[in-house]
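Visitor: I am new to this structure, and I would like to know how the descriptive words used for it are earned. Could you take me through them step by step?

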Amino acid sequence: MPELPEVEVVRAGLAQAVTGARVAAVDVLDRRALTRHDAASGDFESLVTGARIEAAVRRGKFLWLPIGDDRAVVGHLGMSGQLLLRTPDHPGDDRHARIRLHLDHPEHGELRIDFVDQRTFGSLAVDRLVPTADGEVAGFSPGVSGPWARSIPAQVSHIARDPLDPAFDDRRFLDALARRASGVKRVLLDQGLVSGVGNIYADEALWAVRLHGEQPASSLTRRRGGELLTAVRDVLGKALAEGGTSFDAQYVNVNGASGYFAHSLNAYGRAGLPCPRCGTPMVRESFMNRSSHRCPRCQRLRMPRAGAATSTPVRTDGSPARR
DNA sequence: ACAGCATCCTGAAGGC
DNA sequence: TGCCTTCAGGATGCTG
């Protein structure tokens, strides 16, 4: 389940069920689900079997289960991955079940985590934990802490903090925006700069602040950049409060239930439908092998005039230039 | 160093 | 019915 809100719903579901559990056995049904596992560090099954799960932590769209102080089981759901909590006797006959973790919890008894993934872009891996670059807590795992808290899986260390992380550095993000000539949507999707935002929530945030996705990031005023960041936080937070976005049974929580945010979408998937703000039919445009959705009236491209000093951002909110 | 594209994979949906 | 094309919420590695 792709973006931050959906991954957080999964993390929260796992945290309350599996923290303190021990891994009794592992079934790897499809080794393609281990493409991010470095076999040089040892066999996935033997590293996980017998381990005690300390917590469930998330940064952006990555989540991990610390096992001991310096290792974790890292998960990424890719486009279609699910982590489902099941009873030990569940048939688990899903066509796309890739990995099963059989757990034993001191209070909840026996249970199972099934990693199910149709398209196999997702994966599990055991990775070593390395100290965070800024020395702060690595990710989101409310109410639980331990020696692992300020460490991050090595393969996640290049991923930026997400905008809901208290240690997210707003100033650094705005500085980066000012330096990037790329379209602002592309920048929002760069997980090395700000994590957790994907195609849906990028379109939603851009709609909220009336920005065209191809607007050069460096053309935004600092103030517009700040408004965009606020909009990103707002849309992620609201989606999270509604349990994430689901269009079909593919995007579900650990119990297989869907979220409700699809009803609240203003831009994504609304090609041909009226813009909720001005009524103009929304358009869909091709972008990076996928789609962008926007209102052609509210979200216009405002290119800097040729010959204008590039250091002077253009106004992008439609208000008359002053001063 | 950065920007942008192709690629991994499976299944659903729509056109003919 | 069947075949073909297009599309899907992601990250990465390669190219220029």
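Visitor: What makes the crossing of α3 and α6 left-handed or right-handed?
Guide: In this predicted model, α3 passes α6 in a right-handed crossing, and that word is used if the near helix is turned clockwise from the far one by less than a right angle.

Visitor: Why is α3 called oblique to α6?
Guide: Helix α3, residues 170–179, and helix α6, residues 222–241, pack at an angle of about 120 degrees, while their axes lie 10 Å apart. Angles from 65 to 115 degrees count as roughly perpendicular and those over 145 as roughly antiparallel, and the angle of about 120 degrees therefore makes α3 oblique to α6.

Visitor: How do you know that the side chain of Gln-118 makes a polar contact with DNA strand B?
Guide: A polar contact needs a pair of N or O atoms within 3.5 Å, and a polar side-chain atom of Gln-118 lies 2.9 Å from a base oxygen of DNA strand B, so the pair qualifies. By that cut-off, Ser-182 qualifies too, with a polar side-chain atom 3.2 Å from a phosphate oxygen of DNA strand B.

Visitor: What does the side chain of Arg-119 reach on DNA strand B, and what on DNA strand C?
Guide: On DNA strand B, an N or O atom of the Arg-119 side chain is 3.2 Å from a base oxygen, and on DNA strand C such an atom is 3.3 Å from a base nitrogen. Both pairs fall within 3.5 Å and so count as polar contacts.

Visitor: Which parts of DNA strand C do the side chains of Arg-36 and Glu-3 approach?
Guide: For Arg-36, an N or O atom of the side chain is 2.8 Å from a sugar or linking oxygen of DNA strand C, and for Glu-3 a polar side-chain atom lies 3.4 Å from a sugar or linking oxygen of that strand.

Visitor: Which residues come nearest to DNA strand C?
Guide: Of the 22 residues around DNA strand C, those that come nearest are Thr-245, Tyr-251, Tyr-268, Arg-290 and Ser-291. Of the atoms of DNA strand C within 4 Å of the protein, 56% belong to sugar and phosphate.

Visitor: How is the surface near DNA strand B divided by class?
Guide: The surface near DNA strand B has two nonpolar, five polar and five charged residues; among the residues surrounding the strand, Arg-32 counts as charged and Ala-181 as nonpolar.

Technical notes. Residues numbered from 1 in each chain as written. Chains lettered and ligands numbered in written order. Predicted model: local features only at pLDDT ≥ 70, side-chain atom pairs only at ≥ 80, totals over all residues. Heavy atoms only, no water. Near = heavy atom within 4 Å. Polar contact = N/O pair within 3.5 Å; in protein donor to acceptor, adjacent residues only side chain to side chain. Axes fitted to C-alpha atoms, helices over the stretch in contact; angles between N-to-C directions. Helix = DSSP H or I, 4+ residues; strand = E, 2+ residues; numbered from the N terminus. Parallel < 35°, antiparallel > 145°, perpendicular 65-115°, else oblique.
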